[in-house]
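The following paragraphs are intended to be read with the structure in view. They begin with strand pairing in one chain and then turn to the contact between the two chains.

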Amino acid sequence: MSLRGVPPADIFDMATGGERRALGRLITFVERDAAEAEVVAELAHGRAGNAHVIGITGSPGSGKSTLTGQLVKLLGEAGKRAAVLAVDPSSPLTGGAILGDRVRMEDVAAPDTFIRSMATRGHQGGLSLAVPGVVRLLDATGYDPIVIETVGVGQVEVDIAGTADTTVVVATPGMGDSVQANKAGLLELADLFVVNKADRPGAKDVRRDLDLMLDLSHVSGQDQRTGMRPEIIMTTALSGEGAPELWDAIERHRDAIAGNGQLALRRINRDVEEVRNRLLADLEGRVETMLAGDSLAGVTQVLDQVAARSLSPTAAARDLAARISEL
Amino acid sequence: MDDQQQIRVVLAKLGFDGHDRGIKIVARILRDAGMEVIYLGLRQSYKNVINAVEQEDADAVGLSMHNASHMTLAPKMVEAMAEAGLDVPVIVGGIVPDEDIEPLLEKGVAAILGPGASAEEVAQTVRDAVAVVRGEPAE
């Protein structure tokens, strides 16, 4: 039976009943931000809030997918119903993408693991804008834990820390010296570090640099943020070595933040952040409509006054801001 | 291409067939045509492809075949998709002798692309096959 033309609420019921094709279609609605997405979000939000959301991030080629595959394998063996969101970049030129992470996970995953590949679709922070909505859906349909693998990132793609309960940053030998480790950005937001490719020369050096960096967080008081020092786990993702230790550390982190109130706080912040992003997107749309002219009387005149230097851009913006709700 | 019509394609090679130069080029062609390619690559099973189509909500499946197994594996893939209730076109690319083309189309393969197909032909074939299933008028 085709899902075309089936009301979204019915597809949602099918998805909560375990039909994976239905869940696949709902994710497409959310990714497209289609009219159906709002219905889906409404239905999902009330049922979500249970899953442990884990983010795996790190530079391209650091072994995120392979490591995620190893985790998924363990979770399957432990009888958990896990989901994976694997994000890869969209082409800035054509919008196309090659989503190549699934291939490293499918064969090791338990049969009821749900894996979805997502393209960033123009978003810059290491995830796609639809990720929070998709996480909510997976959560509402009973997947727990949910593992998000980001695109290969550099230093500033920190979206994941706002989206996951536990953020794992994957480092590898050869990533640079101890000054790199102390630069601001992604490394500050890790809840856990993995040194992957631990069988290669230099792995211990990376560990030492990360340790020293964390020592300084203590000196500067930065570790007050979470009240715990991130653990560093050595892994060799190809062979699976270290993966059980990583999973144990992820669970320890979750237990710790559940105990000290951080988990609840992070989730509240996450929801507020999503409301903020929605609002900003809505406002941006209105501003674009307004400035495109015609749709609101008087706007063109205000802009003409700015061009004629009889009104400052600041004053014009203030005048127009007062009228934003008219759109 | 706007998100409303973003085409998602699963690309795979079934069974024992190690020639993946072609499928990698096709992946790149479809990427550059603005599509999202879920790349499964070598040694896949029907089940893997169906899992991917369901979970990825794919619009089309591209099978690359270079080991003369197309007359058995391609129709079986079409059959397996139908059994799973998936109305997703299966397109075969690779080495298919002329006399096999008609029988494959009769068995439900949506289109066949040979070594002479241009990048534009490859992309347009996928677009057309997806448009048919989506009920859009062909370009």
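In this predicted model, strand β1 of chain B (residues 8-14) and strand β2(B) are paired in the parallel sense, and six bridges connect them. One of the facing pairs consists of B:L14 and its bridge partner B:Q44, which belongs to β2(B). Between these two strands the chain passes through helix α1 of chain B (residues 21-32), and the resulting β-α-β crossover from β1(B) to β2(B) is right-handed.

Strand β2 of chain B, residues 36-44, also pairs across the chain boundary: three bridges join this strand to β3(A), and the two run parallel. Within this pairing, A:A97 is found opposite B:E36 of β2(B).

The contact as a whole may now be considered. Chain A contributes 28 residues to the contact, and chain B contributes 25 residues. On the side of chain A that touches chain B, the elements giving two or more residues are α2 (20-32), β3 (97-99) and β4 (114-119) of chain A. Which element supplies the largest share of that side? The answer is α2(A), with eight residues. Sorted by class, the side of chain A that touches chain B comprises nine nonpolar, nine polar and 10 charged residues.

Strand β2(B) thus appears in both parts of this account, as the parallel partner of β1(B) and as the parallel partner of β3(A).

Key: Residues are numbered from 1 along each chain as its sequence is written. Chains are lettered from A and ligands numbered from 1 in the order in which they are written. This is a predicted model: local features need pLDDT of at least 70, side-chain atom pairs count only at pLDDT 80 or more; totals for chains, interfaces and linings use all residues. Two residues are in contact if their C-beta atoms, placed from the backbone, lie within 7 Å. Helices (H or I, at least four residues) and strands (E, at least two) are DSSP runs, numbered from the N terminus. Ala, Val, Leu, Ile, Met, Phe, Trp, Tyr, Cys and Pro count as nonpolar, Asp, Glu, Lys and Arg as charged, and the others, Gly among them, as polar. Two strands pair if DSSP finds at least two bridges between them. A crossover is right-handed if, with the strands pointing away from the viewer, the path from the first strand over the helix to the second runs clockwise.
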